[in-house]
Amino acid sequence: MAHLSRRTLISVAAAFGALPQHALAASPKIIGWEDLIPAGVPYGEIIGQGEIDALNDTWLPEFDENASKLNKDLHGAYIKMPGYILPIDVSTKGVTSFILVPYVGACIHTPPPPANQLVFVDSKKPWPSDKLWDPVWVTGRMRHEMQSTSVADIGYALTAEAMEVYVW
């Protein structure tokens, strides 16, 4: 077994100490909306034909049992994913709680996606209210957390460690 000199160990320790703390942290796994669905469950089997509500000019989707199936590999995973903000808690400082949705207008202008396509996000740092319609990247630790709200049933949750405008 090779031995390192005291001087080498001090140099290595100093080099690591000079790095920013986030450089030592694990990089998040970048995921997309399809990753929230368990392997082997095609999206087409989650949403049925549904029905049209002609009076209210809306489509009412029909979800089967696959709509609440969650990807077990994501529970506890450190992830980064894109999406759009559906604000829940808004103040003059910005948005601190929201539902991350896969497309603009989900749950507002259209029926909600299935539970395994929604993420409830809490953020200690408010997201600016003037950027609510911008697509965002959200980074944090994913959890399975089925919740039923007045807006939709939600399958995932995370606390945002970082957020930024999504640029494609």
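**Trp 137 and its partners**

I began with Trp 137 and noted that this residue counts as buried, at 15% relative accessibility. I was working on a predicted model, and I kept that in mind for each entry below.

I then looked for aromatic pairs and found a count of one. That pair consists of Trp 137 and Tyr 166, with 4.9 Å from centre to centre and 50° between the planes. I logged the geometry as tilted, because an angle under 30 degrees would count as stacked and one over 60 as edge-to-face. Trp 137 belongs to strand β7 (residues 136–148), whereas Tyr 166 is in the segment after β8 (153–165), so the pair ties together parts 29 residues apart in sequence. I put Tyr 166 down as partly exposed, with a relative accessible area of 25%.

Next I checked what else meets the Trp 137 ring. Lys 80 lies over its face, 5.0 Å from the ring centre.

**Lys 80 and the salt bridges**

I followed Lys 80 further. Is this residue buried or exposed? I found that Lys 80 counts as buried, at 17% relative accessibility, because the cut-off for buried is under 20%.

I listed the salt bridges and got two for the structure. In one, the side chain of Lys 80 meets that of Glu 164, with 3.5 Å from N to O. I traced the two ends to strand β4 (residues 78–91) for Lys 80 and strand β8 for Glu 164, distant parts of the chain that are 84 residues apart. Glu 164 is partly exposed, with 38% relative accessible area.

In the other bridge I recorded Glu 145 and Arg 143, at 3.3 Å from N to O. Both ends came out partly exposed: I noted 32% relative accessible area for Glu 145 and 27% for Arg 143.

**A further lysine over a ring**

I also looked at Trp 127. The charged end of Lys 131 sits over the Trp 127 ring, 5.9 Å from the ring centre.

**Nonpolar surface patch**

Which residues form a nonpolar patch on the surface? I found Val 104, Ile 108 and Trp 133, which together have about 330 Å² of accessible area. I picked out Ile 108 for a closer look and placed this residue in the loop between β5 (94–101) and β6 (119–127). Ile 108 is partly exposed, with 45% relative accessible area.

**Gly 32**

I turned to the loop between β1 (29–30) and β2 (47–53), where Gly 32 lies. Gly 32 counts as buried, at 14% relative accessibility. I checked its C-alpha atom against that of Met 81 and got a separation of 6.0 Å, for two residues 49 apart along the chain.

**Whole chain**

Last, I collected the totals. How many helices and strands are there in the protein chain? I counted two helices and eight strands, and from the N terminus on I read the order as α-α-β-β-β-β-β-β-β-β.

I noted that the protein chain has 168 residues and that buried residues make up 37% of them. Among contacts with a separation of 6 or more, I found that 63% come from residues 24 or more positions apart. For the surface, I logged about 10400 Å² exposed by the protein chain, of which carbon and sulfur atoms supply 56%.

How values were computed: Residues numbered from 1 in each chain as written. Predicted model: local features only at pLDDT ≥ 70, side-chain atom pairs only at ≥ 80, totals over all residues. Heavy atoms only, no water. Phe/Tyr/Trp six-rings, centres within 6.5 Å; stacked < 30°, edge-to-face > 60°. Helix = DSSP H or I, 4+ residues; strand = E, 2+ residues; numbered from the N terminus. Buried < 20%, exposed > 50% of the residue type's maximum accessible area, 1.4 Å probe, protein only. Lys NZ or Arg CZ within 6 Å of the ring centre and 35° of its normal. Patch = residues over 30% accessible without salt bridge, like charges linked within 9 Å, V, L, I, M, F, W, Y side chains within 5 Å. Areas by Shrake-Rupley, 256 points an atom, 1.4 Å probe, with all protein chains shown as cover. Salt bridge = Lys/Arg side-chain N within 4 Å of Asp/Glu carboxyl O. Contact = heavy atoms within 4.5 Å.
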